[in-house]
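This report walks through the fold, the helix packing and the charged side chains of the protein shown below, and ends with its backbone exceptions.

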Amino acid sequence: SIIREGDMETDLRVPAGLSKAKCNCIVEIARNFQNGTLSDEFLLGDENSNSANNDDEIRSRLLNIKGLGPWSVDMFLLFQCHRSNVLPIGDLAVRNGTSKLWNIKGSAKKGGLCQKKDADKIKDLHEPFAPYRSISSYYMYKCLDMKG
């Protein structure tokens, strides 16, 4: 295994065309699986028992891995875990779709919504969709495809 004895540079980074930071992140994720901090059961639940950890527990463990940030974790929860209540405020498309749908301006350049300064405004607009904010997030991507 590359984690134990391999040369990351020649065995992983160069052949995959990854930056050093991304390579280190992948290795750190693998180490977390190796030491039991992460597992398929923890992240995705046990299909036989229909149990799954809550989003905050998963988010906390993933954010402890250097190289994974809120956007990466939100995308994982939304598109891989298919969680129902994810609102990825850090995603530009979600912010732009929100701005377009509700015809609102934010504090970012050219009136765009800022993920930090306008976070409360974005959360408030999507709050009526809780606990299904993932659906409103999906629609924000579609809003950008609409003309007008």
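In this predicted model, helix α5, which spans residues 70-80, has V73, D74, M75, L77 and L78 as its buried residues. These buried residues pack against two other helices, α4 (55-63) and α8 (133-145). Just after α5, H82 takes a positive phi of about 55°, a point taken up again at the end of this report.

**Overall fold**

The protein has eight helices and zero strands, so that its elements, read from the N terminus on, run α-α-α-α-α-α-α-α, where the term helix covers runs of at least four residues. Of the 148 residues of the protein, 32% count as buried. Among the contacts with a sequence separation of 6 or more, 48% are accounted for by residues 24 or more positions apart.

**Salt bridges**

The count of salt bridges comes to three, and they are set out in the table with the distance between the closest nitrogen and oxygen atoms.

| Positive residue | Negative residue | N to O distance |
|---|---|---|
| R31 | E28 | 3.7 Å |
| R83 | D55 | 2.7 Å |
| R59 | D74 | 2.6 Å |

The pair of R59 and D74, whose side chains meet at 2.6 Å, involves one of the buried residues of α5. Because R59 lies in helix α4 and D74 in helix α5, this salt bridge ties together parts that are 15 residues apart in sequence. R59 is partly exposed, with a relative accessible area of 23%, whereas D74 counts as buried at 7%.

The side chains of R83 and D55 also meet in a salt bridge. This pair links distant parts of the chain, with R83 in the loop between α5 and α6 and D55 in helix α4, 28 residues apart. R83 counts as buried at 14% relative accessibility, and D55 counts as buried at 18%.

The salt bridge of R31 with E28 is set within helix α2 (residues 20-34), where the two residues are three apart and therefore separated by about one helical turn. An α-helix has 3.6 residues a turn, so residues three or four places apart point the same way. R31 is partly exposed with a relative accessible area of 37%, and E28 is partly exposed at 28%.

**Helices α6 and α7 and the loop between them**

The axes of α6 and α7 come within 11 Å and cross at roughly 65°, and the crossing is left-handed. On the α6 side R95, T98 and W102 take part, meeting I122, L125 and H126 in α7. By class, this contact has three nonpolar, two polar and one charged residues.

S99 is also placed in helix α6, and at 15% relative accessibility it counts as buried. Not counting residues up to four places away in sequence, S99 touches I104 and L113. S99 and M140 are 41 residues apart in sequence, while their C-alpha atoms are 9.1 Å apart in space.

D118 has its place in the loop between α6 (92-102) and α7 (119-126). Leaving aside its neighbours within four places in sequence, D118 is in contact with G106, S107, A108, G112 and L113; L113 is also touched by S99. Why does D118 have no salt bridge? The nearest side chain of opposite charge, K121, is 4.2 Å from D118, and a salt bridge needs a nitrogen within 4 Å of a carboxyl oxygen, so the buried D118 is left without one.

**Backbone exceptions**

Most residues other than glycine have a negative phi, and most peptide bonds are trans. H82 is not a glycine, yet its phi is near 55°, a positive value. H82 lies in the loop between α5 and α6 and counts as exposed at 58% relative accessibility. K110, likewise not a glycine, has a positive phi of about 55°. K110 is placed in the loop between α6 and α7, where it is exposed with a relative accessible area of 87%.

The peptide bond from A130 to P131 is cis, with omega near 10°, and P131 has its place in the loop between α7 and α8.

Conventions. Residues are numbered from 1 along each chain as its sequence is written. This is a predicted model: local features need pLDDT of at least 70, side-chain atom pairs count only at pLDDT 80 or more; totals for chains, interfaces and linings use all residues. Side-chain values use heavy atoms; hydrogens and water are left out. Buried means under 20% relative accessible area, exposed over 50%, partly exposed in between (1.4 Å probe, protein chains only). Lys and Arg count as positive and Asp and Glu as negative; His and the chain ends are not counted. Contact means heavy atoms within 4.5 Å. Axes are lines fitted to C-alpha atoms, for helices over the stretch in contact, and angles run from 0 to 180 degrees between N-to-C directions. A crossing is left-handed if the near helix is turned anticlockwise from the far one by less than a right angle, and right-handed if clockwise. Ala, Val, Leu, Ile, Met, Phe, Trp, Tyr, Cys and Pro count as nonpolar, Asp, Glu, Lys and Arg as charged, and the others, Gly among them, as polar.
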